[in-house]
Amino acid sequence: MKHLWSGIGILLVLLILGSALTISFTAIHTPLSQALEKAANFAHDGQMDEALSAVADAQNRWQRCRLFSAAVVDHRLLEEMEELFVELRYARDAKKIASLCARLSSRAAEMAESQTITWWNLL
């Protein structure tokens, strides 16, 4: 009986940690994705001052959450985002900035989804 309760306790701890991770990743990466999408839209519309401001906001958000993300996610996605941010830092063409921001927004959304608990993961 002791083993049963120990097993239930371990499962409960894992469920709580998984839920906390899901909530954290959603809270971190969804606003990042939205900021990058906003930057892409501004750049596409030719509003470069607003686009660069949104890019700076997104880069600040990324720097604050990068280490936490690195501890949890697949590094392939993390490295791809790092490379795109470096490209974005040196891009000057509005179309290139819009494209890079759209790709980064997609990757940030992908990162948020990668840690989501779904019913099919529990099966």
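# Four helices around a nonpolar core

In helix α4, the 21 residues should span 30 Å at 1.5 Å a residue, and the end C-alpha atoms are 30 Å apart, which agrees. This is a predicted model, and α4, which runs over residues 94-114, is a convenient place to start reading it. Its buried residues are Ile-97, Ala-98, Leu-100, Cys-101, Leu-104, Ser-105, Arg-107, Ala-108, Met-111 and Ala-112, a list in which Ser-105 and Arg-107 stand alongside residues such as Leu-104 and Met-111. These buried residues of α4 pack against α1, α2 and α3.

Helix α2 can be read in the same manner. For its 25 residues, 48-72, a rise of 1.5 Å a residue gives an expected span of 36 Å, and the end C-alpha atoms lie 34 Å apart, which agrees. Along the way, however, α2 bends by about 50° at Arg-66. The buried residues of this helix are Ala-51, Ala-54, Val-55, Ala-58, Trp-62, Cys-65 and Ser-69, and what covers them includes α1, α3 (75-90) and α4.

The packing of the helices leads to the core. The largest nonpolar core has 28 residues, of which Leu-32, Trp-62, Met-81, Phe-85, Leu-88, Cys-101 and Met-111 touch the most other members. The elements that contribute two or more residues to this core are α1, α2, α3 and α4. Leu-32 shows what such a position looks like in detail: setting aside residues up to four places away in sequence, Leu-32 touches Ala-58, Arg-61, Trp-62, Met-81, Phe-85 and Ala-108. Of these neighbours, Ala-58 and Trp-62 are among the buried residues of α2, while Ala-108 is among those of α4.

Two aromatic pairs are present in the structure. In one of them, Phe-25 and Phe-68 are tilted, with 5.5 Å from centre to centre and 50° between the planes. This pair links distant parts of the chain, since Phe-25 belongs to helix α1 and Phe-68 to helix α2, 43 residues apart. The two rings are not equally covered: Phe-25 is buried, with a relative accessible area of 0%, whereas Phe-68 is partly exposed, at 33%. Trp-62 and Phe-85 form a stacked pair, 5.7 Å centre to centre with 20° between the planes, and this pair also links distant parts of the chain, joining Trp-62 in helix α2 to Phe-85 in helix α3 across 23 residues. Both Trp-62 and Phe-85 are buried.

The cysteines deserve a separate look. Why does Cys-65 form no bond with Cys-101? The sulfur of Cys-65 is 15 Å from the closest cysteine sulfur, that of Cys-101, and this is too far for a bond, given that a disulfide needs the two sulfur atoms within 2.5 Å. Cys-101 is likewise in no disulfide, and the structure as a whole holds zero disulfides. Cys-65 nevertheless counts as buried, because its relative accessible area is 5%, and Cys-101 is buried as well, with a relative accessible area of 0%.

A last stop is Thr-22, which is found in helix α1, residues 2-44. Thr-22 counts as buried because its relative accessibility is 14%, which falls under the 20% limit for that class. Leaving aside neighbours within four places in sequence, Thr-22 is in contact with Gln-115, Thr-116 and Ile-117.

Notes: Residues are numbered from 1 along each chain as its sequence is written. This is a predicted model: local features need pLDDT of at least 70, side-chain atom pairs count only at pLDDT 80 or more; totals for chains, interfaces and linings use all residues. Side-chain values use heavy atoms; hydrogens and water are left out. Buried means under 20% relative accessible area, exposed over 50%, partly exposed in between (1.4 Å probe, protein chains only). Contact means heavy atoms within 4.5 Å. The expected span of a helix is 1.5 Å times one less than its number of residues. The bend at a residue is the angle between axes fitted to the seven residues ending there and the seven starting there. A nonpolar core is a set of buried Ala, Val, Leu, Ile, Met, Phe, Trp, Tyr and Cys residues joined through side-chain atoms within 4.5 Å. Rings of Phe, Tyr and Trp (its six-membered ring) pair if their centres lie within 6.5 Å; planes under 30 degrees apart count as stacked, over 60 as edge-to-face and the rest as tilted.
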